[in-house]
Amino acid sequence: MNHEKFIKRCFELAKLGIGNVSPNPMVGALIVRDNEIISEAYHQNFGGPHAEVNAIKNANLSDFSDCILYVNLEPCNHYGKTPPCTDLIIESKFKQVVIATEDPNPLVKGSGIKKLKDNGIEVISGICYDEAVYLNRFFFKNQIENTSFIITKVAQSLDGCIAMNNGESRWISNEKSRTYTHAIRSYVDAVMVGRKTIQKDNPHLTTRLVDGKNPKRIALDTNLSLPLDLDIFKNDDRANTFVICSVNSSTSRKADILKLGGIKIIPVETEDNGLLNLDDAFAKLYKDFDISSLLIEGGSTVHSYLAEKEYIDELHIFIAPKIIGDGMKSFKKLISKSIDLSKKYKLIELENFDGDIHAIFIKE
């Protein structure tokens with residue numbers, strides 16, 4: 001059997017759930033008989049039936065004893081919003097289940113596989129393991145580290161500038177790069193922007209260039225100094241707009257006005273340098289609001305802080321074929337003591353976007 005071929009089809013199916021299943025993982029499943037796919041499905045929305053259940057129901061069979069179930073993530077073995085998938089798999093009498101990776105959720109990890117084996121079902125796991133983990137990298141970090149997955153996006157010139165010295169930055173990257181950024185927004189739970197970027201660019205932080213859901217919008221504004229007439233505060237979906245500020249500012253009249261408008265205020269501690277403590281912010285966003293993935297589009301201060309604290313899990317850099325010279329550098333405020341001690345990332349993808357270079361890096 002070509003297990004790899006069928007598991008890769010599971011990945012394709014799982015991706016159909018992008019943007020709709022968070023904070024659940026993306027899962028695809030298919031049923032194979034005599035080396036032919038007879039049913040396939042995916043997890044379509046948070047709280048809905050899991051991929052394995054959908055695939056079994058779609059097959060419309062009562063006996064699967066001559067079939068193999070393929071799934072990119074270990075079937076669950078606990079009650080959540082739906083019953084355990086393992087029970088239905090056992091009842092369906094599959095002869096074999098092929099899995100890409102164990103579920104990192106402590107409630108599941110290994111127990112689903114064990115239950116299947118204990119009930120006489122052969123289990124093969126670890127097929128296309130690395131690809132499976134990357135597909136559900138948000139979920140893996142959530143479960144293992146109990147915090148959000150952080151993506152940072154930088155649009156810069158060939159010489160590493162994100163703006164002119166006078167602040168002009170529209171547009172360094174081209175339309176294809178900007179469209180891809182909107183695509184990233186469509187599959188993360190939220191997009192976060194620093195105060196200076198919001199004040200300078202007055203962004204909508206939507207996915208208007210692609211067909212996808214809008215993310216939650218998060219502004220970093222330590223002292224609540226942003227004007228109330230900015231687009232981020234006038235958006236019709238203010239219930240999904242957040243402002244992270246200092247504890248002191250969270251009790252101000254400005255905070256009350258924002259809350260009356262439907263905007264959520266998240267108070268966090270500040271550090272000795274006066275910057276917001278993002279450890280505190282990320283913890284609250286994940287635990288209190290189920291934000292499992294976060295795209296951060298900031299300026300030099302935010303980029304530098306994120307790199308210094310090693311918060312960046314995935315870095316997208318869009319490099320335009322332009323030289324600015326004496327401009328604002330992407331990571332200007334990051335200070336490395338030596339080349340050996342500089343922050344290191346691994347390149348995993350490189351594309352030509354109509355002249356712009358799009359590079360994706362992950363933390364080493």
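Buried means under 20% relative accessible area, exposed over 50%, and partly exposed in between, with a 1.4 Å probe and protein chains only. This is a predicted model, where local features need pLDDT of at least 70, side-chain atom pairs count only at pLDDT 80 or more, and totals for chains, interfaces and linings use all residues. Residues are numbered from 1 along each chain as its sequence is written, and side-chain values use heavy atoms, with hydrogens and water left out.

**Exercise 1.** Let's decide whether aspartate 280 is buried or exposed.

*Solution.* Start with the location: aspartate 280 belongs to helix α11, residues 278-289 (helices are DSSP runs of H or I with at least four residues, strands runs of E with at least two, numbered from the N terminus). Next, take its relative accessibility, 19%. Because of that value, aspartate 280 counts as buried.

**Exercise 2.** Now find which residues aspartate 280 is in contact with, leaving aside neighbours within four places in sequence.

*Solution.* Apply the criterion first: contact means heavy atoms within 4.5 Å. The partners are then Pro267, Val268 and Glu269.

**Exercise 3.** Finally, work out how the protein chain compares with the globule rule.

*Solution.* Begin with the elements: twelve helices and 16 strands. The radius of gyration, 23 Å, is close to the 21 Å that the rule gives for 364 residues, so the protein chain is as compact as a globular protein of that length (the radius is taken over C-alpha atoms, and the rule is 2.2 Å times the number of residues to the power 0.38). For the box along the principal axes, the C-alpha atoms fill roughly 70 × 45 × 40 Å. Last, the burial: 49% of the 364 residues are buried.
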